[in-house]
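Work through the exercises below with the sequence and the model side by side. Try each task before reading its solution.

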Amino acid sequence: MAHEVKGVIAGGKGAPVSVSTVIVPDPGPGEALVAVQACGVCHTDLHYREGGIGDDFPYLLGHEAAGVVEAVGSDVTGLAAGDFVILNWRAVCGQCRACLRGRPWYCFATHNATQKMTLADGTPLSPALGIGAFAEKTLVAAGQCTKVDPAIRPEVAGLLGCGVMAGLGAALNTAGVGRGDSVAVIGCGGVGDGAILGASLAGARKVIAVDVDDRKLEWARQFGATHTVNSRSADPVEQIKDLTEGNGADVVIEAVGRPETYKQAFYARDLAGTVVLVGVPTPEMQLELPLLDVFGRGGSLKSSWYGDCLPTRDFPMLVDLHLQGRLPLDAFVSETIALDEVEGAFAKMHGGEVLRSVVLL
Ligand SMILES: NC(=O)c1ccc[n+]([C@@H]2O[C@H](COP(=O)([O-])OP(=O)(O)OC[C@H]3O[C@@H](n4cnc5c(N)ncnc54)[C@H](O)[C@@H]3O)[C@@H](O)[C@H]2O)c1
Ligand SMILES: [Zn+2]
Ligand SMILES: [Zn+2]
């Protein structure tokens with residue numbers, strides 16, 4: 001029996017999102033039906049709405065979610081109705097060339113539900129990042145559900161499903177920040193603040209937050225920023241160098257996704273340092289750099305997909321740290337909203353008024 005629920009749909013490029021009826025099939029083999037409890041509004045949802053990710057409209061948005069499993073397909077093991085889960089967009093296949101080489105966090109053939117969710121008239125929906133969780137219920141691959149301690153509040157847990165994990169992992173996994181490193185983070189939204197938190201958890205001695213908005217810089221401090229730079233009023237490369245004995249930071253994490261901020265990250269890093277790009281650019285963006293500088297500055301230039309996380313390894317561990325009071329994830333939740341307030345939340349995100357708006361269902 002299919003389920004008729006409400007969901008947030010992006011119908012066409014640049015058009016405001018709206019709440020529509022979504023038909024969610026019962027789970028088939030390898031699938032799970034999840035009653036969504038909370039789903040954060042991530043900048044990637046806005047990228048989808050603006051056509052920056054693809055042209056497969058209509059999209060069912062929402063992908064930073066936690067909820068309770070309602071039913072699983074006949075062959076699913078290790079997951080059952082009643083389990084509290086964080087949804088992930090990295091259900092590893094175990095068989096692609098990355099998985100076979102023992103690097104499943106790069107998995108090139110991640111699993112999603114096989115059956116389509118649709119609009120009431122049968123139009124198939126493209127769920128954002130294979131999740132589609134701005135909906136009362138969603139259908140995912142069973143591997144997209146990671147069981148965690150249900151003592152954590154759903155609105156906090158869900159954030160580990162995308163942006164906060166992407167930031168934490170960019171620092172912890174991709175950059176491999178170590179005790180004593182100096183780290184700068186450019187862009188202090190949910191992703192950048194996740195990176196600040198990760199750098200601080202890893203024992204960085206300096207964590208320099210860079211943003212164009214003073215409110216964001218104020219918030220960055222509660223996640224462990226030791227210094228802040230407003231790059232509207234000062235040159236961030238010079239400021240980061242001044243704060244690091246003239247050398248630049250060991251690690252610079254770019255969490256905006258623009259050529260100019262990438263260049264800042266490139267030049268604000270010490271010789272042989274690491275740049276991690278976690279912000280997502282749009283298709284028309286180009287980067288131009290002197291090749292001699294790429295060579296001469298050495299080190300490594302990396303991109304971080306989903307913080308190189310492995311949900312089964314990372315989510316339960318981060319939830320435990322949070323429940324022990326060692327990872328202040330509550331501070332990411334600026335407000336909780338209803339399903340029909342997502343469009344307004346995009347405007348607040350754009351205006352820098354929130355870190356995360358989280359839809360409660
Ligand atoms: N790599 C991944 O796996 C992954 C996962 C989730 C999100 N993302 C991407 O990360 C980026 C950030 O996402 P978010 O949800 O934190 O967005 P957000 O809108 O909440 O935050 C972006 C921040 O960047 C700041 N900013 C904008 N222009 C700037 C500039 N020129 N210099 C310095 N700061 C600037 C804004 O003031 C804001 O604080 C987006 O591109 C998003 O798509 C990547
Ligand atoms: Zn794989
Ligand atoms: Zn996201």
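**Exercise 1. Find the residues that Glu-335 touches, leaving out residues up to four places away in sequence.**

Solution. Start with the test: two residues are in contact if their C-beta atoms, placed from the backbone, lie within 7 Å. By that test, Glu-335 touches Val-354 and Ser-357. Next, place the residue: Glu-335 sits in strand β17 (residues 333-337). Helices (H or I, at least four residues) and strands (E, at least two) are DSSP runs, numbered from the N terminus. Then count neighbours. Glu-335 has 15 C-beta neighbours inside 10 Å, so it counts as partly exposed. The scale is this: a residue is buried with 20 or more other C-beta atoms within 10 Å of its own, exposed with 12 or fewer, and partly exposed in between, with C-beta atoms placed from the backbone. Last, look far away: the C-alpha atoms of Glu-335 and Ala-98 are separated by 38 Å, and the two residues are 237 residues apart along the chain.

A note on the model: it is predicted, local features need pLDDT of at least 70, side-chain atom pairs count only at pLDDT 80 or more, and totals for chains, interfaces and linings use all residues. Residues are numbered from 1 along each chain as its sequence is written, while chains are lettered from A and ligands numbered from 1 in the order in which they are written.

**Exercise 2. Place Leu-243 and decide whether it is buried or partly exposed.**

Solution. Find the loop between α7 (236-242) and β14; Leu-243 is there. Count next: 19 other C-beta atoms lie within 10 Å, so Leu-243 is partly exposed. Now list its contacts, leaving aside neighbours within four places in sequence: Lys-206, Ile-208 and His-227. Finally, take Ser-182, which is 61 residues apart from Leu-243 along the chain; their C-alpha atoms are separated by 9.4 Å.

**Exercise 3. Which strands pair with β14, and in which sense?**

Solution. Begin with the rule: two strands pair if DSSP finds at least two bridges between them. Strand β11 (residues 182-186) meets β14 in the parallel sense, over four bridges. Here Ala-184 stands opposite Val-252. Strand β15 (residues 269-277) also pairs with β14 in the parallel sense, over five bridges. Here Ala-249 faces Arg-269. Follow the chain from β14 through helix α8 (residues 259-267) to β15: this β-α-β crossover is right-handed. In a right-handed crossover, with the strands pointing away from the viewer, the path from the first strand over the helix to the second runs clockwise. Now check burial. Six of the six residues of β14 (residues 249-254) are buried, so the strand is largely enclosed by the rest of the structure.

**Exercise 4. Find the partners of strand β3 (residues 31-40).**

Solution. Take the partners one by one.

- Strand β5 (residues 64-72) runs antiparallel to β3, with eight bridges; Ala-35 stands opposite Val-68.
- Strand β9 (residues 137-141) runs antiparallel to β3, with five bridges; Leu-33 has Leu-139 as its bridge partner.
- Strand β18 (residues 356-360) runs antiparallel to β3, with three bridges; Ala-38 has Leu-360 as its bridge partner.

Then check cover: nine of the ten residues of β3 are buried, and the strand is mostly covered.

**Exercise 5. What is the strand order of the open sheet of five strands?**

Solution. The order is β7-β2-β1-β4-β8, and the pairing is mixed. Now find the edges: β7 (118-119) and β8 (126-127) each pair on one side only. Step in from β7: two bridges join it to strand β2 (residues 18-24), and the two run antiparallel. Val-22 has Leu-119 in β7 as its bridge partner.

**Exercise 6. How many residues surround ligand 1, and which are closest?**

Solution. A residue is near the ligand if its C-beta atom, placed from the backbone, lies within 6 Å of it. The count is 33 residues, and the closest are His-43, Ala-166, Gly-187, Gly-189 and Val-191. Next, see which elements contribute: α1 (43-49), α4 (163-174), α5 (190-201) and β12 (206-211) each supply at least two residues of the shell.
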